[in-house]
Amino acid sequence: MEGHTTQGLPDDDRAEIEEFLPDREFEEPRAGSLYDPAPVRERLRGRLAVIFTLLLVVTALGPIALVAWDITEWETIELPTTMAFGSVVGIVGAVLGFYFGGHGR
């Protein structure tokens with residue numbers, strides 16, 4: 001097939017690749033080309049920072065909303081909220097510290 005470079009692969013693997021990706025072009029890795037993981041790593045760190053920050057916001061505002069809308073009483077959720085909030089603050093602090101600490105290098 002034109003544009004495909006599946007040289008060096010066993011026939012079974014080559015046929016499977018060409019069956020599922022008939023219009024894709026494959027490039028052989030070039031000797032001397034370097035892989036830079038920084039963009040992927042920073043994107044992942046950013047996503048984790050956002051996810052854990054949202055977790056902190058939900059943990060902080062969720063119980064307030066439950067009490068404000070008379071879904072439950074504070075006495076019912078005080079202990080679980082206190083325990084969860086402390087743990088989440090620690091985790092979020094570690095994640096954000098790792099995220100922003102990695103930018104100083």
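Colleague: In what order do the elements of the chain run from the N terminus on?

Modeller: The order is α-α-α. This is a predicted model. The chain holds three helices and zero strands.

Colleague: What share of the 105 residues is buried?

Modeller: Buried residues account for 15% of them. The label has a cut-off: buried means under 20% relative accessible area. Exposed means over 50%, and partly exposed lies in between. Keep those limits in mind for the residues below.

Colleague: How much area does the chain expose, and what share do carbon and sulfur atoms supply?

Modeller: About 8,500 Å² is exposed. Carbon and sulfur atoms supply 63% of that area.

Colleague: Which residues make a nonpolar surface patch?

Modeller: L44, L48 and I51 make one of about 270 Å². Take L48 from that group. L48 sits in helix α2, residues 38-68. Its relative accessibility is 36%, so L48 counts as partly exposed.

Colleague: Now contacts along the chain. Among those between residues at least 6 apart in sequence, what share joins residues at least 24 apart?

Modeller: The share is 43%. Two pairs show what sequence distance and space distance can look like. T59 and G86 are 27 residues apart in sequence, yet their C-alpha atoms are 9.8 Å apart. L96 and R45 are 51 residues apart in sequence, with 8.8 Å from C-alpha to C-alpha.

Colleague: Let us follow T59. Is T59 buried or exposed?

Modeller: T59 is buried, because its relative accessible area is 14%. T59 belongs to helix α2. Not counting residues up to four places away in sequence, T59 touches A84, F85 and V88.

Colleague: Which backbone oxygen lies 2.7 Å from a polar atom of the T59 side chain?

Modeller: That of L55. T81 offers another case: a polar atom of its side chain lies 2.6 Å from the backbone oxygen of I77.

Colleague: Where is T81?

Modeller: T81 is in helix α3, residues 74-101. With a relative accessible area of 15%, T81 is buried. Leave aside neighbours within four places in sequence, and T81 is in contact with P63 and W74.

Colleague: Which residues of α3 are buried?

Modeller: I77, T81, V88, V92, V95 and Y99 are.

Colleague: What covers the buried residues of α3?

Modeller: The cover includes α2. V88 gives a concrete view: this buried residue of α3 is touched by T59, and T59 lies in α2.

Colleague: And L96, in which helix is its place?

Modeller: L96 is also placed in helix α3. At 25% relative accessibility, L96 counts as partly exposed. Its contacts, leaving aside neighbours within four places in sequence, are A49, T53 and G101.

Colleague: Where does α3 bend?

Modeller: At P80, by about 30 degrees.

Colleague: Next, charged pairs. How many salt bridges does a search of the whole structure find?

Modeller: The search finds one. R45 forms a salt bridge with E42. The closest N and O atoms are 3.4 Å apart.

Colleague: Why can spacing in a helix help in reading such a pair?

Modeller: An α-helix has 3.6 residues a turn, so residues three or four places apart point the same way. Here, R45 and E42 are three residues apart in helix α2, so about one helical turn separates them.

Colleague: How accessible are the two partners, R45 and E42?

Modeller: R45 is buried, with a relative accessible area of 11%. E42 is partly exposed, at 24%.

Colleague: Last topic: backbone angles. What sign of phi should I expect for most residues other than glycine?

Modeller: Most of them have a negative phi. D70 has a positive phi of about 55 degrees although it is not a glycine.

Colleague: Where does D70 lie?

Modeller: D70 is in the loop between α2 and α3. D70 is exposed, because its relative accessible area is 69%.

Colleague: Which places should I revisit on the structure?

Modeller: Start with T59 and its contacts A84, F85 and V88. Then find the bend of α3 at P80. Next, look at the salt bridge between R45 and E42. Finish at D70, in the loop between α2 and α3.

Definitions and conventions:
Residues are numbered from 1 along each chain as its sequence is written. This is a predicted model: local features need pLDDT of at least 70, side-chain atom pairs count only at pLDDT 80 or more; totals for chains, interfaces and linings use all residues. Side-chain values use heavy atoms; hydrogens and water are left out. Helices (H or I, at least four residues) and strands (E, at least two) are DSSP runs, numbered from the N terminus. Buried means under 20% relative accessible area, exposed over 50%, partly exposed in between (1.4 Å probe, protein chains only). Contact means heavy atoms within 4.5 Å. Accessible areas come from the Shrake-Rupley method with a 1.4 Å probe; for residues, only the protein chains shown count as cover. A polar contact is a pair of N or O atoms within 3.5 Å; within protein, one must be able to donate a hydrogen and the other to accept it, and residues adjacent in sequence count only if both atoms are side-chain atoms. Patches are made of residues with over 30% relative accessible area and no salt bridge: like charges are joined within 9 Å, nonpolar side chains (Val, Leu, Ile, Met, Phe, Trp, Tyr) within 5 Å. A salt bridge is a side-chain nitrogen of Lys or Arg within 4 Å of a carboxyl oxygen of Asp or Glu. The bend at a residue is the angle between axes fitted to the seven residues ending there and the seven starting there.
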